[in-house]
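Got the model open in your viewer? Here is a walk through it, one selection after another.

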Amino acid sequence: MGNALKKTGYFYASFTMGYSGYMVYSNKQVRDAFVGFVRPVWMKVKPPRKALCEKKAEDLEMTSGLEVLELWADCGQLFPLYPGSVDWHGVEENPHLKSAILNTAENNGFPKPILEVTTSPPMDFLAKADDESFDSIVSQRHLSELEDCEELVKEAFRVLKPGGVFVAWDTPGSSKCKIPRKDEQAINYLEDEVGFNEAEVDFEKGGAVVSIKARKKRNFNMGFIFGNLGASNR
């Protein structure tokens with residue numbers, strides 16, 4: 001009798017946990033509320049490794065002095081890694097993470113961050129952005145976590161101003177993202193197929209993350225030169 005009661009209890013416990021998990025992940029509002037509560041706590045309990053943070057901070061040096069559009073702001077964990085002078089504009093689709101993002105921004109010296117809380121994925125925000133409207137674009141979410149990482153890279157190129165920079169990361173060896181994983185192949189893809197002028201792909205020491213950095217070619221203003229020549233001949 002005792003064993004039967006135990007088995008019945010285990011069954012109902014397993015059923016309850018399974019059903020709760022199903023409800024969390026099948027209902028976006030419930031899932032967002034759950035993630036909004038758990039994610040900030042998890043980031044404090046298990047923060048990113050020091051070596052990983054140092055690598056990302058090194059990559060983000062490219063954004064110094066620029067306006068940054070950060071996609072998937074999450075809990076704002078990139079704020080401590082940015083160089084001191086950036087004008088931050090972020091996009092996050094989970095409204096329950098808003099307070100965590102703004103608190104982290106304030107604690108790291110970003111007094112006036114602009115945060116867009118969207119009802120659709122940040123990719124939709126990027127797709128609707130005007131051509132050449134941002135100085136730099138950073139994807140906080142790894143490329144292999146996205147449904148179409150190639151589309152993100154191409155849209156980022158379109159939205160970047162001339163001379164603007166794109167920074168993203170991914171997991172080495174990921175097969176989900178179609179961008180080539182070998183350094184030379186990835187650089188050829190970014191420069192020859194997408195159109196970036198300067199691209200760099202390198203691995204964090206220990207191989208936990210691959211960083212992808214690229215710069216859009218600057219426009220060469222011939223009108224400015226000829227205008228100055230004309231003025232000097234007067």
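Start by selecting Leu69: its opposite number in strand 2 is His89. Strands 1 and 2 run parallel to each other, paired over five bridges. (Two strands pair if DSSP finds at least two bridges between them; helices, H or I of at least four residues, and strands, E of at least two, are DSSP runs numbered from the N terminus.)

A word on the ground rules before moving on. This is a predicted model, where local features need pLDDT of at least 70, side-chain atom pairs count only at pLDDT 80 or more, and totals for chains, interfaces and linings use all residues. Residues are numbered from 1 along each chain as its sequence is written, and side-chain values use heavy atoms, with hydrogens and water left out.

**Stop 1: strand 2 and its other neighbour**

Now colour residues 87-92, which are strand 2, and residues 114-117, which are strand 3; these two pair in the parallel sense over four bridges. Click Gly90 and look across to Leu115, its bridge partner in strand 3. Then click Val91, which stands opposite Glu116 in strand 3.

How much of strand 2 is buried? Five of its six residues are, so the strand is largely enclosed by the rest of the structure. (Buried means under 20% relative accessible area, exposed means over 50%, and partly exposed is in between, using a 1.4 Å probe and protein chains only.)

Add helix 4, residues 98-107, to the selection: strand 2, helix 4 and strand 3 make a right-handed β-α-β unit. (Right-handed means that, with the strands pointing away from the viewer, the path from the first strand over the helix to the second runs clockwise.)

**Stop 2: the aromatic cluster**

Show the rings of Phe79, Tyr82, Trp88 and Phe110, which form one aromatic cluster. A search of the whole structure turns up five aromatic pairs. (Rings of Phe, Tyr and Trp, the last by its six-membered ring, pair if their centres lie within 6.5 Å; planes under 30 degrees apart count as stacked, over 60 as edge-to-face and the rest as tilted.)

One of the pairs is Phe79 with Phe110, a tilted arrangement at 4.8 Å centre to centre and 55° between the planes. It links distant parts of the chain: Phe79 sits in the loop between strand 1 (67-71) and strand 2, Phe110 in the loop between helix 4 and strand 3, 31 residues apart. Both Phe79 and Phe110 are buried.

Keep Phe110 on screen and turn to Tyr82. Tyr82 and Phe110 make an edge-to-face pair, 6.3 Å centre to centre with 65° between the planes. Tyr82 is in the loop between strand 1 and strand 2, 28 residues from Phe110. Tyr82 counts as buried because its relative accessibility is 7%, and Phe110 does so at 8%.

**Stop 3: salt bridges**

Switch to the charged side chains, where the count comes to twelve salt bridges. (A salt bridge is a side-chain nitrogen of Lys or Arg within 4 Å of a carboxyl oxygen of Asp or Glu.)

Select Lys55 and Asp202, whose side chains meet in a salt bridge at 2.8 Å, N to O. Lys55 lies in helix 3 (residues 50-59) and Asp202 in strand 6 (residues 198-203), so the pair ties together parts that are 147 residues apart in sequence. Lys55 is buried at 8% relative accessibility, and Asp202 is buried at 17%.

Next, pick Arg158 and Asp131, another salt bridge, this one at 2.6 Å, N to O. Arg158 belongs to helix 6 (residues 149-159), while Asp131 is in the loop between helix 5 (122-128) and strand 4 (134-139), 27 residues apart. Arg158 is partly exposed at 22%, whereas Asp131 is exposed at 52%.

**Stop 4: a nonpolar patch outside**

Finish at the surface with helix 2, residues 28-45, and select Trp42 there. Is Trp42 buried or partly exposed? Partly exposed, because its relative accessible area is 45%. Add Phe34, Phe37, Val38, Val41 and Val45, and together with Trp42 you have a nonpolar surface patch of about 610 Å². (Patches are made of residues with over 30% relative accessible area and no salt bridge: like charges are joined within 9 Å, and nonpolar side chains, meaning Val, Leu, Ile, Met, Phe, Trp and Tyr, within 5 Å. Accessible areas come from the Shrake-Rupley method with a 1.4 Å probe; for residues, only the protein chains shown count as cover.)
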